[in-house]
Amino acid sequence: MENKILRVGIIGMGRISGAHIDGLKKAEDVKIVAVCDIDEQKLNAAGDRLEIAPEYRFTDYHDLISCDIVDAVEICTPNYLHVQMACDVICAGKPVNIEKPLSDTYEKVPALLELLEKYPQPNMICFSYRFLPAVRYARKLIGEGKIGKILTVNIEYLQSGSFVEGRRMEWRFVKSKSGTGAIGDLGVHLIDMTRYLIGEITSVCARKRTFVKQRKMLDSDIIGDVTTDDYCSFLADIEGGAVANFTVTRCAHGHSNTIKYDIFGTDGVISFNLNDPWELWLCLGIEEVKTVGLHRISVPEEYLASQEQSFVDIALGRFKEEAADIKEGAVCQKIVDAVALSSDENRWIDIV
Ligand SMILES: NC(=O)c1ccc[n+]([C@@H]2O[C@H](COP(=O)([O-])OP(=O)(O)OC[C@H]3O[C@@H](n4cnc5c(N)ncnc54)[C@H](O)[C@@H]3O)[C@@H](O)[C@H]2O)c1
């Protein structure tokens, strides 16, 4: 598929599709040619905005996947649909970009990995924070050994979405559709970032909670039970001996979307808050630790990467170092499931 325009179809025209559309509009060598949603209102709103002809607006995702003018597919639907849809795209012989987390449960994942092994296709999973300049620059500095051997990591993902007044029982609060709550929604980004920056997570011990326990159903005022977590803290062992301390929550008043990350090594420290994606706070090397202290630097401009451009490039056969693929999504899903199980069973779980 070298040297051509990639014609993309998007399944799921909800909240996150807006970021995909914006990213694809700014990307090179790509055009959005088809959209799909079971909700005709959302489908047509997106179709109108993108000026897509009625015959390329689909309510059945199979029709979008098999559509002749679609070269590659992006999946932006609730978690429980990702694996089946990805399998269908791969069977159609097309590249696929899947929103995170890979699935609602790891149980579904081996079938997808087997299919991909048999019928390889370019693929990506949207661990969006990998593309931010602070994260990519931190990875470079850590890779160069600038803070020595990593000892400990503190990571927080803070949102307040559980407290939004009147929020109903959308799929995120339903275990059969989402799998986990804050763990898979927010925690999976941190799990990926930790693997990307530091190394493989080998074992976890967690405590999860559901603080907002009931909500009105989507289509009636009947009250139902929330079946996913909205808070989780967990410890993780990382290969090489480091220990990471994670907190993910949708119950943090005052935070709409905050990610804080501190990495402490034998020879220094790197900290960032992704509300300021162009800044790192750091001490690099023992001399700086002793004399300069923690100081702010601006990240060089070349460290910005685009998630959507990366998918286009991958689909067109160009390697992208910063992007995660389905195999990495699978590892992260295994860890998400282990975190939830660890809390349920009150014990450490090894990731095998
Ligand atoms: N990368 C990120 O940072 C990030 C951020 C937000 C959401 N997400 C992920 O994106 C996915 C979607 O989240 P969202 O917030 O956009 O949810 P959403 O509920 O706003 O949108 C989902 C859309 O999928 C549609 N849909 C449901 N079943 C369908 C089907 N069978 N065929 C076609 N369309 C179908 C729904 O009608 C809805 O419009 C989730 O997996 C979520 O975890 C990722």
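Me: Which atom of the ligand does a backbone N or O atom of cysteine 126 lie close to, and how far apart are the two?

Reply: A polar contact is a pair of N or O atoms within 3.5 Å, where within protein one must be able to donate a hydrogen and the other to accept it, and residues adjacent in sequence count only if both atoms are side-chain atoms. Here a backbone N or O atom of cysteine 126 is 3.5 Å from a nitrogen atom of the ligand. Glutamate 99 places a polar side-chain atom 3.0 Å from a ligand nitrogen atom, while an N or O atom in the side chain of aspartate 37 is 2.6 Å from an oxygen atom of the ligand. The protein buries 87% of the 860 Å² that the ligand exposes when taken alone, with areas found by the Shrake-Rupley method and a 1.4 Å probe.

This is a predicted model, in which local features need pLDDT of at least 70 and side-chain atom pairs count only at pLDDT 80 or more, whereas totals for chains, interfaces and linings use all residues. Residues are numbered from 1 along each chain as its sequence is written, and side-chain values use heavy atoms, with hydrogens and water left out.

Me: How is the protein chain divided into domains?

Reply: The bounds come from an automatic or database domain assignment, which gives domain 1 as 6-128 + 308-324 and domain 2 as 131-304 + 333-350. To their contact (heavy atoms within 4.5 Å), domain 1 gives 21 residues and domain 2 gives 22 residues.

Me: What area is buried between domain 1 and domain 2?

Reply: The size of an interface is often given as the accessible area lost when the parts come together. Summed over both parts, with a 1.4 Å probe, the area buried here is about 1800 Å², and carbon and sulfur atoms give 53% of it. On the side of domain 1, Tyr106, Phe127 and Glu322 lose the most area to domain 2, together 30% of what that side buries.

Me: How many salt bridges are there between domain 1 and domain 2?

Reply: A salt bridge is a side-chain nitrogen of Lys or Arg within 4 Å of a carboxyl oxygen of Asp or Glu, and the count between domain 1 and domain 2 is 4. Arginine 136 forms a salt bridge with glutamate 322, whose closest N and O atoms are 3.7 Å apart.

Definitions and conventions. Buried area = accessible area lost by both parts, 1.4 Å probe.
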